[in-house]
Amino acid sequence: MGFERAKPFAEVQEAEPPGVPPTPLTPRIPWNLLDKQALRLYNSTRFVCEVSMRLDVSKALVAEGEAIPFAGEVALPETVILGERVLFPGGAKLTGTYTSIGGTIEVCGEMAFEASARCARCLKTAEKAFVAPFDALFSLTPSEDNPDLYVYDGAWIDPLDMACDTAQLALPMRWICAEECKGLCPVCGADQNLIMCTCRIEGDIKHPFSALQQLLTEDESEV
C-alpha cells in the first residue's frame, strides 16, 4: 500500500459540485496554521513592546558607576494643552544610558518624537518633530524632598512616565503651524493664508477707535 504525496497548500482546492466546471486553484491555508502564525506574531510583538523598553536594573547594580547604553520606543498617550488635544502618532524613540549611582539609577539621553495638534491661528492640524533631552533619577522609594524622583519596582525601570514628562516640557504652550500663518479672519472666518480678506480693512475704516487700536498695537510691538 503506497502513500500519496501530500500536496502543498497552494494546490489544495475544495471539490466542486457535480456539473460545475472547475475553478482556478487559489492558495488556501488551514485556519489552524493561521492561528499559530498569528499567535506567534502576537507573542513576539508583545515581547518587544513590553520588554524592549524596560531597563534591567541588575545590569546597572552589578557595574555601579558604569553607563549602560539603551535604545527603544514607547507609545505616548495623548495630552491636553490649554484645552487642545495633542497626539503622538509615531510614539517616541529614546536613546541614552542608565547608571547606578548610590541608591538611585540615573537615566539620561535624548527622545525624538512627532506631535500633532490644531494650529491656534488657522485651526488646521499640523505635525511637528521634536528632539528633547532627558535626565532623570529613579529610586525604590519616593522622596518628599525631590518630587521629580521616579520610582521603579526594584527589577525593571519603565521609562514611560519620564517620556511623557519629557514630551510635555518640550511642547509649546501655543501650537502654531508656521510663524508666517495669518490665521482666520475674525469677521468672516476665512483662512487668510488662502484668500485675501478685506473685512479687516473695511472694519478699520468704520471703527471709531481704529486710530487708538493702531497706537496700542504699535506699543505692544515695541515691548
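Helices and strands are DSSP runs, numbered from the N terminus: H or I over at least four residues for a helix, E over at least two for a strand. Two strands pair if DSSP finds at least two bridges between them. This is a predicted model, in which local features need pLDDT of at least 70, side-chain atom pairs count only at pLDDT 80 or more, and totals for chains, interfaces and linings use all residues. Residues are numbered from 1 along each chain as its sequence is written, and side-chain values use heavy atoms, with hydrogens and water left out.

**View 1. The whole protein chain, with five helices and nine strands.**
Along the sequence the pattern reads α-β-α-β-β-β-β-β-β-β-β-α-α-α. The protein chain has 223 residues, and 26% of them are buried (under 20% relative accessible area with a 1.4 Å probe, protein chains only; exposed is over 50%, partly exposed in between). Its accessible surface is about 15,900 Å² (Shrake-Rupley method, 1.4 Å probe). Carbon and sulfur atoms hold 59% of that surface. Contacts are heavy atoms within 4.5 Å. Of the contacts with a separation of 6 or more, 54% join residues 24 or more positions apart.

**View 2. An open sheet of five strands, in the order 2-5-6-7-8.**
The pairing is mixed. Strand 2 (68–74) and strand 8 (150–151) are the edges. Each has a single partner strand, so one side of each lacks a neighbour in the sheet. Helix 3 (residues 160–170) packs on the sheet and touches strands 2, 5, 6, 7 and 8. The direction of helix 3 makes about 130 degrees with that of strand 7 (angles run from 0 to 180 degrees between N-to-C directions, with axes fitted to C-alpha atoms, for helices over the stretch in contact).

**View 3. Strand 5 between strand 2 and strand 6.**
Strand 5 spans residues 92–101 and pairs antiparallel with strand 2 over seven bridges. Here Ile68 has Tyr98 as its bridge partner. Strand 5 also runs antiparallel to strand 6, with 10 bridges. Leu94 faces Met111 of strand 6 in this ladder. The two strands make a hairpin with two residues between them. In its turn, Gly102 takes a positive phi of about 65 degrees.

**View 4. Strand 7 and its two partners, strand 6 and strand 8.**
Strand 6 (104–118) and strand 7 (125–139) are antiparallel and share 14 bridges. Ala115 is opposite Lys128, and Glu106 is opposite Leu137. Six residues lie between the strands of this hairpin. There Leu123 has a positive phi near 65 degrees. Strand 7 and strand 8 are parallel, joined by two bridges. Ser139 pairs with Val151 of strand 8.

**View 5. Ser116 and its contacts.**
Where does Ser116 lie? The residue is part of strand 6. Ser116 counts as buried because its relative accessibility is 9%. Beyond its neighbours within four places in sequence, Ser116 touches Arg85, Val86, Leu87 and Pro89, together with Thr125, Ala126, Glu127 and Trp175.

**View 6. The aromatic cluster of Phe88, Phe113, Phe130 and Trp175.**
The structure holds five aromatic pairs (rings of Phe, Tyr and Trp, the last by its six-membered ring, with centres within 6.5 Å). One of them joins Phe130 and Trp175, with 6.0 Å centre to centre and 50 degrees between the planes. The pair is tilted; planes under 30 degrees apart would count as stacked, over 60 as edge-to-face. Phe130 sits in strand 7, and Trp175 in the loop between helix 3 and helix 4 (199–206). The pair thus bridges distant parts of the chain, 45 residues apart. Phe130 is buried at 15% relative accessibility. Trp175 is buried too, at 6%.

**View 7. Charges over two tryptophan rings, Trp175 and Trp156.**
A charge sits over a ring if NZ of Lys or CZ of Arg is within 6 Å of the ring centre and within 35 degrees of the ring normal. Lys128 lies over the face of Trp175, 5.4 Å from the ring centre. Arg54 places its charged end over the ring of Trp156, at 4.5 Å from the centre.
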